[in-house]
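Reader: I am new to this structure and would like a careful look at a single part. Please choose one residue that is worth following, and place it in its surroundings.

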Amino acid sequence: MNATAIPEIKEPAVRKNAPGAARGPRRPGRVRRTALPYLLLLPALLLEILIHLLPIVIGILMSFKELTQFYLRDWGAAPWRGLDNFRVAVDFDGPAGEALLQSFVTTCLFTALSVGLCWLLGTTAAVYMQETFKGRGILRALFLVPYALPVYAAVITWAFMFQRDNGLINHVIHDQLGLTDSPSFWLIGDNSFYALLIVSVWKGWPFAFLIVMAGLQNISREMYEAAALDGAGVWQQIRKITLPSLRPVNQVLVLVLFLWTFNDFNTPFVLFGKAAPEAANLISIHIYQSSFATWNFGTGAAMSVLLLLFLLLVTGVYLFFTTRGRKVTDA
């Protein structure tokens with residue numbers, strides 16, 4: 001009698017992607033694909049460290065030293081002063097602290113007016129440009145010209161226009177319109193504040209116009225049509241639909257305009273030169289003069305650190321309240 005053949009039982013093949021399957025070594029190609037994004041970010045990270053973070057750290061170290069013209073070649077050998085530079089800067093009874101406080105107040109007033117006017121003009125122009133009319137594209141391009149021009153070329157042109165004897169401003173106001181008894185001084189005295197404000201608003205409002213115009217594209221036209229059918233006028237539509245819908249955009253826009261305007265150095269420096277008039281002595285120019293006119297770089301660095309702390313504080317408080325208000329509105 002022949003023995004029955006017992007069939008051979010084969011173990012089931014384990015799939016490669018099964019949970020219990022043992023993973024082999026990672027392929028070099030997969031490692032490259034994983035590391036590629038970080039390698040692409042590495043140049044930008046190195047430039048950020050060299051251009052921004054490293055100067056900030058050096059400036060903070062300088063603020064604790066008695067750094068004058070005698071230690072420029074070897075600023076590391078300058079004597080350590082600790083917090084003395086900061087005490088001089090915030091001593092508002094002393095000449096340095098009093099001048100810094102006056103410059104700070106002037107900068108706050110200038111920033112509030114400039115940011116408010118930039119936002120108002122930019123929003124008004126953006127809302128007006130939502131309507132379709134002949135020549136709208138050309139007008140949009142013209143509105144963006146001040147933002148596209150280089151700062152130095154634009155401000156130098158304004159400096160020539162503000163000249164007392166042969167400037168275009170006095171030619172129109174005094175010679176043609178006869179609004180003043182004599183040509184006005186725009187680059188010295190109290191009028192320098194208004195001259196600086198005009199230039200700042202002129203070159204800043206197109207950015208607000210561009211951002212608000214982009215934000216308006218996300219608002220459905222059906223909402224305006226429904227509001228018009230309900231009898232809402234133009235102002236009611238702007239107040240009830242446009243402004244609430246633009247709240248996230250405006251929150252970012254106002255913060256960016258504030259930081260740019262409060263830190264603006266190029267505009268007053270090109271418009272007035274190294275010595276700005278007292279009425280237009282912004283804090284950026286004041287710190288520059290305190291550092292390079294008196295050769296007291298330690299005190300100037302301390303003022304810069306105080307400015308940095310102030311901007312960080314304002315930014316943090318602003319983001320806290322705007323984010324909190326947004327969460328309450330969403331809830």
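Author: A residue is called buried when its relative accessible area is under 20%, exposed when it is over 50%, and partly exposed in between, with a 1.4 Å probe and the protein chains only. What follows rests on a predicted model, in which local features need pLDDT of at least 70 and side-chain atom pairs count only at pLDDT 80 or more, whereas totals for chains, interfaces and linings use all residues. Residues are numbered from 1 along each chain as its sequence is written, and side-chain values use heavy atoms, with hydrogens and water left out.

The residue to follow is Asp 264, but the frame around it comes before the detail. The protein has 14 helices and zero strands, where helices (H or I, at least four residues) and strands (E, at least two) are DSSP runs numbered from the N terminus. Of its 331 residues, 33% count as buried. Among contacts (heavy atoms within 4.5 Å) with a separation of 6 or more, 65% are made by residues 24 or more positions apart.

Asp 264 sits in the loop between H11 and H12, and with a relative accessible area of 10% it counts as buried. Once neighbours within four places in sequence are set aside, the residues in contact with Asp 264 are Lys 203, Leu 282 and Ser 284. With Lys 203, Asp 264 forms a salt bridge at 3.8 Å from N to O, a salt bridge being a side-chain nitrogen of Lys or Arg within 4 Å of a carboxyl oxygen of Asp or Glu. Because Lys 203 lies in helix H8 (residues 191-216) and Asp 264 in the loop between helix H11 (247-262) and helix H12 (266-272), the pair ties together parts that are 61 residues apart in sequence. Lys 203, for its part, is partly exposed at 22%.

By this rule there are three salt bridges, and the other pairs make a useful background. Asp 84 and Arg 87 bring their closest N and O atoms to 2.6 Å; both lie in helix H2 (residues 84-90), three residues apart, which is about one turn of the helix. Asp 84 counts as partly exposed, at 29% relative accessibility. Arg 164 and Asp 165 are paired at 3.1 Å, N to O, with Arg 164 partly exposed at 28% and Asp 165 exposed at 67%.

From the loop of Asp 264 one can step back into H11, the helix that holds Thr 261. Thr 261 is buried, at 8% relative accessible area, and its C-alpha atom is separated by 7.5 Å from that of Ser 114, although the two are 147 residues apart along the chain. Beyond its neighbours within four places in sequence, Thr 261 is in contact with Phe 110, Thr 111, Ser 114, Val 115 and Ser 200.

The helices on either side of the loop, H11 and H12, also enter the largest nonpolar core, as do helix H3 (95-128), helix H6 (151-161), H8 and helix H9 (221-229), each giving two or more residues. Such a core is a set of buried Ala, Val, Leu, Ile, Met, Phe, Trp, Tyr and Cys residues joined through side-chain atoms within 4.5 Å. Of its 41 residues, those touching the most other members are Phe 162, Leu 196, Phe 209, Leu 257, Leu 271 and Phe 272. H8, the helix of Lys 203, gives the largest share of this core, 13 residues. Setting aside neighbours within four places in sequence, Phe 209 is in contact with Gly 122, Ala 125, Ala 126, Met 129, Arg 140, Phe 143 and Leu 144. Apart from this core lies another, of nine residues, among them Ala 89, Phe 258, Met 303 and Leu 311.

Further along the chain, Trp 295 lies in the loop between H13 and H14, where it is partly exposed at 40%. Most residues other than glycine have a negative phi. Trp 295, although not a glycine, has a positive phi of about 60°.

To return to the starting point, Asp 264 is a buried residue in the loop between H11 and H12, and Lys 203, its partner in the salt bridge, is partly exposed.
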